[in-house]
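Open the model in your viewer and keep the selection panel at hand. The stops below are short, and each begins with something to select.

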Amino acid sequence: MATDTDHTFDVIVIGLGPGGEHVAGTLAERGLRVLAVDRNLVGGECPYWGCIPSKMMIRAADALAEARRVEGLAGSVGEVRPDWSVVAKRLREEATDNWNDQVAVDRLTGKGATVLHGTGRITGQGSVDVDGTAYTATKGVVVNPGTTAAVPPIDGLRDTPYWTNHEIIEAAELPASLVVLGGGAIGCELGQVMARFGVEVTIVEAAERILSAEEPEASEKLVDALEADGIAVRAGVGAEKVSHDGSTFTVTLADGSTLQAERLLVATGRRADPAAVGLDTVGVPADSHTAPVDDRCRVADGVWAVGDITGKGAFTHVSMYQAGIVIRDVLGDDGPPAEYAALPRVTFTDPEVGAVGMTESQARDQLANVQVGVTPLGETTRGWIAKADGLIKVVADADRGVLVGATAMGPAGGEVLGALSVAVHGEVPVDRLRSMIYAYPTLHRGIETALGQLG
Ligand SMILES: Cc1cc2nc3c(=O)[nH]c(=O)nc-3n(C[C@H](O)[C@H](O)[C@H](O)COP(=O)(O)OP(=O)(O)OC[C@H]3O[C@@H](n4cnc5c(N)ncnc54)[C@H](O)[C@@H]3O)c2cc1C
Ligand SMILES: NC(=O)c1ccc[n+]([C@@H]2O[C@H](COP(=O)([O-])OP(=O)(O)OC[C@H]3O[C@@H](n4cnc5c(N)ncnc54)[C@H](O)[C@@H]3O)[C@@H](O)[C@H]2O)c1
């Protein structure tokens with residue numbers, strides 16, 4: 001029989017994505033009584049159906065592409081024969097432990113937290129319900145419930161056996177053909193993986209261009225790269241109807257054309273549901289799609305939110321960054337407030353699209369005096385040597401003389417981005433960036449050329 005002490009904790013964490021797990025583990029290590037609740041796997045989407053397995057798939061697909069590049073550069077490696085079973089085994093055995101979170105549970109328990117598998121919901125200030133049992137949090141509640149795949153209201157779609165990121169990542173075998181709805185990060189990354197493993201892929205993007213949140217120059221180059229992998233990119237046209245006859249999907253597009261494929265992946269964004277975790281009981285409107293947070297990630301007195309649900313960027317690095325801020329706030333430690341002006345993101349296609357801060361169009365909407373510089377990677381010595389496609393773009397606030405955004409697209413674009421992230425975050429004066437020595441021949445020398453085009 002549980003006592004009141006069993007039901008009273010200093011902090012209750014509902015949802016254990018990367019940020020929630022970090023908050024729970026760290027606060028427990030610091031001596032607080034922590035109840036950590038997840039209805040599914042401790043660690044959330046990132047380790048089981050998100051970043052880690054998708055990047056392992058990408059690593060494998062890139063190895064195939066690299067082997068195919070031997071021809072024309074170094075001779076021949078014979079026929080490159082993809083075998084998905086190698087990837088599926090690695091995902092199952094090395095990445096996800098067959099989608100079992102015992103190691104993560106033990107790690108959290110080892111730090112001193114009490115871990116519960118169940119669905120948590122805030123029921124009022126300091127009160128939480130987990131599957132019908134009431135718990136009390138004396139210091140506060142942290143929510144990190146993440147998102148689920150947003151399934152658009154397309155006629156017929158919900159009645160079909162469509163895939164989301166879960167099914168494609170768990171797939172033991174690949175289909176012969178795949179339609180991907182959505183040309184965002186998931187659609188482009190996983191679409192390219194599938195194509196490189198021999199799947200006939202079509203990406204359908206309702207917006208005018210794929211990866212529409214990033215620079216148009218990057219979208220354009222990415223279309224070229226995806227088409228070179230044999231992918232059909234249909235942008236600027238939505239799907240109006242989806243049906244499945246037991247073996248084949250038929251997708252009718254707004255222009256009247258139809259596509260057929262063995263599988264359909266829905267990658268049209270993610271949906272958060274603050275009310276499902278009880279944030280409506282602490283002042284968040286019941287129909288809100290994000291949990292509004294202040295610069296300490298507070299939603300209300302004694303309630304914090306971290307991760308995708310905050311709408312500050314659906315990335316693991318945001319979840320972890322916010323977790324650090326919440327940990328400090330709960331403990332009363334000093335530290336800087338949250339800032340998102342230098343938010344970095346990387347789409348791990350080949351070439352990678354790394355970006356930080358504002359795009360040119362965001363900057364023009366918000367600032368009076370914007371300057372841009374763009375260097376195609378092929379015009380840098382290293383890019384030419386490597387036959388690499390991509391670009392470096394810098395966006396400057398000319399009034400302040402600093403970069404407010406940048407894109408690094410190319411091989412290891414996410415790594416080249418590091419230098420640009422430092423420049424945007426540190427508000428390093430453009431003159432100072434121009435006076436730097438850039439190693440030769442590197443891809444990041446393209447930054448110097450792009451800076452040269454500013455004003
Ligand atoms: C295919 C894919 C690839 C991605 N690749 C990258 C990448 O390369 N880099 C990157 O930075 N990001 C990537 N992301 C995004 C990244 O996975 C998320 O931003 C990250 O997981 C952080 O999410 P989160 O902290 O909000 O919580 P999540 O990881 O979504 O976890 C939330 C947890 O809360 C639990 N939960 C929800 N409601 C309740 C409740 N009421 N009670 C109890 N538990 C609950 C869920 O079961 C889940 O375990 C990718 C996402 C996908 C889908
Ligand atoms: N490398 C990374 O960091 C990485 C990788 C994958 C996912 N993620 C995170 O996960 C989030 C979700 O990924 P995502 O790709 O699902 O979302 P997304 O928002 O990146 O892209 C969704 C795309 O679907 C399109 N779309 C919406 N409705 C549509 C419809 N009915 N038909 C056709 N297209 C439609 C949108 O215009 C958009 O381009 C990302 O925003 C990102 O934050 C990150």
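**Two prolines, two loops**

Start at Pro351, which lies in the loop between β18 (344-347) and β19 (352-357). This is a predicted model, and what you see here is a computed geometry. Display the backbone from Asp350 to Pro351: the peptide bond between them is cis, with omega near 5°. Most peptide bonds are trans.

Next, go to Pro441, in the loop between α13 (430-434) and α14 (445-452). The bond leading into Pro441 from Tyr440 is also cis, and its omega is near -15°.

**Into α14**

From Pro441, move along to α14 and colour its buried residues: Arg445, Gly446, Ile447, Ala450 and Leu451. An α-helix has 3.6 residues a turn, so residues three or four places apart point the same way. Which elements cover the buried residues of α14? Select β20 (370-376), α11 (381-386), β21 (391-397), α12 (413-425) and α13, which are among them.

**The annotated domain**

Now select residues 344-450. An unreviewed UniProt entry annotates this range as "domain: Pyridine nucleotide-disulphide oxidoreductase dimerisation". Over residues 344-450 the chain is 35% helix and 31% strand. The C-alpha atoms at the two ends of the range are 19 Å apart.

**The shell around ligand 1**

Select ligand 1 and the residues that surround it, 38 in number. The closest are Gly15, Gly17, Gly44, Gly146 and Gly307. By class, the shell has 15 nonpolar, 17 polar and 6 charged residues.

Which elements each supply at least two residues of this shell? Show α1 (18-29), β2 (34-38), α2 (45-49), α3 (51-68), β4 (120-124) and α9 (316-331).

**Two residues with positive phi**

Most residues other than glycine have a negative phi. The last two stops depart from that pattern.

Select Leu211, in the loop between β9 (200-205) and α8 (216-228). Leu211 is not a glycine, yet its phi is positive, about 45°. Is Leu211 buried or exposed? Leu211 counts as buried because it has 26 C-beta neighbours inside 10 Å, and the cut-off for buried is 20 or more.

Finish at Cys297, in the loop between β15 (270-271) and β16 (298-300). Cys297, again not a glycine, has a positive phi of about 65°. Cys297 is buried too, with 27 other C-beta atoms within 10 Å.

Note on methods:
Residues are numbered from 1 along each chain as its sequence is written. Chains are lettered from A and ligands numbered from 1 in the order in which they are written. This is a predicted model: local features need pLDDT of at least 70, side-chain atom pairs count only at pLDDT 80 or more; totals for chains, interfaces and linings use all residues. UniProt positions are given in the numbering used here, feature names are shortened, and annotations may be inferred rather than shown by experiment. Helices (H or I, at least four residues) and strands (E, at least two) are DSSP runs, numbered from the N terminus. A residue is near a molecule or strand if its C-beta atom, placed from the backbone, lies within 6 Å of it. Ala, Val, Leu, Ile, Met, Phe, Trp, Tyr, Cys and Pro count as nonpolar, Asp, Glu, Lys and Arg as charged, and the others, Gly among them, as polar. A residue is buried if 20 or more other C-beta atoms lie within 10 Å of its own, exposed if 12 or fewer, and partly exposed in between; C-beta atoms are placed from the backbone. Two residues are in contact if their C-beta atoms, placed from the backbone, lie within 7 Å.
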